[in-house]
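Here is a short tour of one protein model, with its pocket and cavity as the main stops. Please keep the 3D view open as you read.

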Amino acid sequence: LESLAGTVRIQTDNDVNRIEATLAVLADGGRSTLGQSLGLTRQETRYDQAALVTTVGSDRAHENRAYERFTPYGPLALLPSGENQFALAWTLPVDKAKSYIGLPDNDFLARLQGVFGERAGFFWRVGVRKTYALSLTEILQPVCGRTVAIGNAAHLVHPVAGQGFNLGLRDVAELAEFISEALILGDDIGSPDVLSRYAVSRRKQTRRVLRFTDGLVRLFSNELPGITLLRNAGLNTVELLPPVKRLLLRRTAGLAGRLPRLARGLPLELGRS
Ligand SMILES: Cc1cc2nc3c(=O)[nH]c(=O)nc-3n(C[C@H](O)[C@H](O)[C@H](O)COP(=O)(O)OP(=O)(O)OC[C@H]3O[C@@H](n4cnc5c(N)ncnc54)[C@H](O)[C@@H]3O)c2cc1C
């Protein structure tokens, strides 16, 4: 990516393809090398946790139901994926995740069954196991010239609340709204003014989800007896108070505050409201 006067040049495949555009949107994920080469500064908090991901086969149909368990080590999610199969994302301390990778299949399945229980049936098959280091990462200024980073290239959240993809979709919705507004007004869609306004507007909601997710990680990874008691009391109270539960869900899902039009199911051409 090279910033020129009035355009950005995108060069791919060892100079085979060159594109000049008024705006480049960087969406190359959490290991974004382009963002680093552009000098987008990352603020990263590493958790001493890794996500162990794999698939597990069960003897029971999942009926498209997803499960989340808060285990002593961290949250464990089972998401329906294929017939009688779940995608597993298990948050574990880094050393434990590494040791679980090397366990014989039967031992691994026995441990999983032990912490999860039998609600989703009997686990009898496990796929290839991989681990990912987990961190909370924010690009403090996701704009450089005529380039803007979105999705995981702009922020990485812990998978505890399953919000990473949702945040990225809302980046798309909000950026599309700013672009459409600029087009309606005859403005330059890649101008620093348009991109900075997008970044400022987006930062508020992204930070809310980042902070909330970070709080959940710390709360559910802490097994001090007092904290466990308070946490359980809190969860039970929330369960008994539907309005509080709804509010909490909206915050967790990043649905609190103003949402971009596309995220509300509205078309773009009406402009901002
Ligand atoms: C264990 C786990 C569980 C998760 N569960 C959930 C969940 O339940 N709900 C949820 O909302 N989110 C969840 N997430 C997060 C979600 O997966 C990510 O937030 C989402 O995939 C980010 O999308 P993205 O397009 O920004 O990045 P990515 O999905 O990483 O996509 C980036 C793409 O860019 C490509 N790319 C990279 N460099 C280049 C280049 N130079 N040129 C061209 N292409 C390039 C990559 O190959 C890749 O295809 C989970 C994440 C993990 C690790």
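Let us start with the largest pocket: domain 1 (27-41 + 149-264) and domain 2 (47-133) both contribute residues to its lining, so the pocket lies between the two domains. Please bear in mind that this is a predicted model.

**The pocket between the domains**

The largest pocket holds about 790 Å³ of space. It is lined by 30 residues, and those closest to its centre are Ala51, Tyr132, Leu134, Val157 and Pro159. Several strands supply two or more lining residues: E5 (42-58), E6 (67-71), E7 (74-80), E8 (85-93) and E10 (130-139). Which of the elements gives the most to this lining? That is E5, with five residues. Sorted by class, the lining of the pocket has 17 nonpolar residues, eight polar ones and five charged ones.

**Strands around E10**

Two of the pocket-lining strands, E5 and E10, are also partners in pairing: they run antiparallel and are joined by nine bridges. To find this pairing in the view, look for Arg46, which stands opposite Ser135 in E10. E10 has a further pairing, with strand E13 (residues 155-156), again in the antiparallel sense and over two bridges. Here Thr137 has Leu156 in E13 as its bridge partner.

**The enclosed cavity**

E10 leads on to another feature. How many cavities of 30 Å³ or more does the structure hold? There is one, and the volume of the largest cavity is about 130 Å³. Its lining is made of 13 residues, with Ile139, Pro142, His155, Arg203 and Thr206 closest to the centre. E10 and helix H5 (192-220) are the elements that give two or more residues to this lining. H5 provides the largest share, five residues. By class, seven of the cavity-lining residues are nonpolar, two are polar and four are charged.

E10 thus takes part in lining the largest pocket and the largest cavity. The table sets out the class make-up of the two linings.

| Space | Nonpolar | Polar | Charged |
|---|---|---|---|
| Largest pocket | 17 residues | eight residues | five residues |
| Largest cavity | seven residues | two residues | four residues |

**A three-stranded sheet at the start of the chain**

Now turn to strands E1, E2 and E3, which form an open sheet in that order, with antiparallel pairing. Why is one side of E1 (2-4) and of E3 (17-21) left without a neighbour in the sheet? Both strands stand at the edges and each has a single partner strand, so one side of each has no neighbour there. From one strand to the next, the twist averages 25 degrees. As a reminder, strands of a sheet pair through backbone hydrogen bonds, in either a parallel or an antiparallel way. Between E1 and E2 (residues 7-12), the antiparallel pairing extends over three bridges. One residue pair to look for is Glu2 with Arg9, its bridge partner in E2.

**The protein as a whole**

Stepping back, the secondary structure comprises seven helices and 13 strands. The C-alpha trace spans about 60 × 50 × 35 Å along its principal axes. Of the 273 residues in the protein, 41% are buried.

To come back to where we began, the largest pocket, with about 790 Å³ of space, lies between domain 1 and domain 2, while the largest cavity, of about 130 Å³, takes the largest share of its lining from H5.

Terms used
Residues numbered from 1 in each chain as written. Predicted model: local features only at pLDDT ≥ 70, side-chain atom pairs only at ≥ 80, totals over all residues. Heavy atoms only, no water. Pairing = 2+ DSSP bridges. Helix = DSSP H or I, 4+ residues; strand = E, 2+ residues; numbered from the N terminus. Axes fitted to C-alpha atoms, helices over the stretch in contact; angles between N-to-C directions. 1 Å grid on protein atoms, 1.4 Å probe; cavity = no way out; pocket = protein on both sides within 12 Å on 5 of 7 lines; lining within 4 Å. Points joined across faces, edges and corners; volume = space filled by probe spheres on them. Nonpolar A, V, L, I, M, F, W, Y, C, P; charged D, E, K, R; others polar. Domains from an automatic or database assignment. Buried < 20%, exposed > 50% of the residue type's maximum accessible area, 1.4 Å probe, protein only.
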